[in-house]
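Trainee: I should like to examine this model through a series of questions. May we begin once the structure is displayed?

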Amino acid sequence: MSTLTAGPRPSGPSRRLTSGLTWTVLRLHRTALSVWGGGLLTVLTALVWIHEAGPGIRSAVGDCTAADPFPMRCGFTHESAAEQVHTYGLALVSGCVTYLIYAIAVWAGAALTGRELENGTAHLAWTQSVTPARWLAAKLAVPAVLLTAGTTLAVLLCSWTRRAGDGELAGGWFNTNVFISSGPVAVAYALAGLALGALAGLVLRRALPAAAAALAAAYVLHEVLDRFRMSLWPAVTTTGRAALHVPYGSMLLEHGSVTADGERVNTSLACVGTDGSALEACIRRGPWTDFWSTYQPQSHYWPLQLVESGLLLAVAGLATAAAFALLRRRHG
């Protein structure tokens, strides 16, 4: 007598359905995928070229000696060429990465969800054994994977290029383009734009209004975080001589003087550059008794990156949860 043992439930149809949804998303949005791939390839090629060409330009300049018949031309023209390759080229690429959230939000609102609800292709998919929740999950998961992989690669190459040669080729670490394009916050911005755009498309169910709403939401989010970025982590406040000589690479937020009654006043640092007895004399000549300054040191780069990334991922998570809740309420 043989014993029949129940085996695991076959998962072939489920796997085919999942892969079919992925293929459908890729095929339906193949134009956007082609634009994304072409733009990413252009950015990566430009970064590699900037990295490789910069040191070659500098080595070709050489030292300008007194014997050079055109010393001013030697020092200015070649240096400007190297500066243009590094500073302006890298700043342009960094700007593309920084403001990627706008393009992603507009596309997600207009094409990813808004257009499909407007022309009825979403409802057609729901009649083909695809639940609304699974449809939305595929719509969000496939672009999220591609955006995460591509943006991460661009960020790594931006950091690699920026570290080559001079340390600050496109501004200090606190510069908006430099800060966003050189850390994980760029990926978080991309995912937040994707979620906000998808939610806008589900709410308005029309392509153009959803694109406008997603663009407005991405703009507000970007500007608010850009304005309050340096307040996301406690700054350093110093007094005395240290207030006149903040560490190199720091972002100076506020500075001023201390009056005789102990009040801090926001004024220009009149004694900057003085030291020793000259500093004491400068203090005695003015109506102040001390100096103070508040700044974000370069060591706070990673705490600020992680806090801002966490806020953006929270926004993305809330927008995604709201999108699923709205879809469930409307379509069951």
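Trainee: Which glutamate side chain meets the side chain of arginine 229 in a salt bridge?

Mentor: The model is a predicted one. Arginine 229 lies in the loop between α9 and β1 (236–239), and its partner is in helix α12, so the pair ties together parts that are 79 residues apart in sequence. The N to O distance of this salt bridge is 2.7 Å, and the partner of arginine 229 is glutamate 308.

Trainee: Is glutamate 308 buried or exposed?

Mentor: A residue counts as buried under 20% relative accessible area. Glutamate 308 has 0% relative accessibility, so glutamate 308 is buried.

Trainee: Which residues are joined into one network by salt bridges that share partners?

Mentor: The side chain of arginine 229 meets that of glutamate 308, and the side chain of arginine 229 also meets that of aspartate 226, at 2.8 Å from N to O. Arginine 229 is buried, with a relative accessible area of 2%, whereas aspartate 226 counts as partly exposed at 27%. The salt bridge between arginine 229 and glutamate 308 thus belongs to a network whose members are Asp226, Arg229 and Glu308.

Trainee: The structure holds 3 salt bridges. Which residue forms a salt bridge with lysine 139?

Mentor: The side chain of lysine 139 takes part in a salt bridge with an N to O distance of 2.0 Å, and the partner is a glutamate. The pair links distant parts of the chain, with lysine 139 in helix α6 and the glutamate in helix α4, 23 residues apart. Lysine 139 is buried, with a relative accessible area of 3%, and its partner also counts as buried, at 4%. That partner is glutamate 116.

Trainee: How far does helix α12 reach from its first C-alpha to its last?

Mentor: Helix α12 covers residues 301–331 and has 31 residues. At 1.5 Å a residue, the expected reach is 45 Å, and the reach in the model is close to this. Buried residues in α12 include Tyr301, Leu304, Gln305, Glu308 and Leu312. From its first C-alpha to its last, α12 reaches 45 Å.

Trainee: How far apart in space are isoleucine 180 and glutamine 305, C-alpha to C-alpha?

Mentor: Isoleucine 180 is found in helix α7 (residues 176–181) and is buried, with a relative accessible area of 0%. Glutamine 305 is one of the buried residues of α12. The two residues are 125 residues apart in sequence, and their C-alpha to C-alpha distance is 8.3 Å.

Trainee: Which helix gives the most to the lining of the largest cavity?

Mentor: The structure holds 1 cavity of 30 Å³ or more, and the volume of the largest cavity is about 30 Å³. Its lining consists of Val97, Thr98, Leu100, Ile101, Ile180, Ala186, Tyr189 and Ala190. At least two lining residues come from each of α3, α4 and α8 (185–204). With 3 residues, the helix that gives the most is α8.

Trainee: Which helix gives the most to the lining of the largest pocket?

Mentor: The largest pocket has a volume of about 580 Å³. It is lined by 24 residues, of which the closest to its centre are Ala32, Val35, Trp36, Ile104 and Leu147. Each of α1 (12–28), α2 (30–61), α3 (71–98), α4 (100–119) and α6 (132–163) supplies at least two residues of this lining. The helix that gives the most, with 8 residues, is α2.

Trainee: What is the area of the nonpolar surface patch made by Tyr219, Val220, Val224 and Phe228?

Mentor: Phenylalanine 228 has its place in helix α9 (residues 207–228). Residues enter a patch at over 30% relative accessible area, and phenylalanine 228, which is partly exposed, has 45%. The patch made by Tyr219, Val220, Val224 and Phe228 has an area of about 390 Å².

Trainee: Which residue other than glycine has a positive phi near 60°?

Mentor: The residue lies in the loop between α8 and α9. At 39% relative accessibility, this residue counts as partly exposed. The residue with phi near 60° is arginine 205.

How values were computed:
Residues numbered from 1 in each chain as written. Predicted model: local features only at pLDDT ≥ 70, side-chain atom pairs only at ≥ 80, totals over all residues. Heavy atoms only, no water. Patch = residues over 30% accessible without salt bridge, like charges linked within 9 Å, V, L, I, M, F, W, Y side chains within 5 Å. Areas by Shrake-Rupley, 256 points an atom, 1.4 Å probe, with all protein chains shown as cover. Salt bridge = Lys/Arg side-chain N within 4 Å of Asp/Glu carboxyl O. Helix = DSSP H or I, 4+ residues; strand = E, 2+ residues; numbered from the N terminus. Buried < 20%, exposed > 50% of the residue type's maximum accessible area, 1.4 Å probe, protein only. Expected span 1.5 Å × (residues − 1). 1 Å grid on protein atoms, 1.4 Å probe; cavity = no way out; pocket = protein on both sides within 12 Å on 5 of 7 lines; lining within 4 Å. Points joined across faces, edges and corners; volume = space filled by probe spheres on them.
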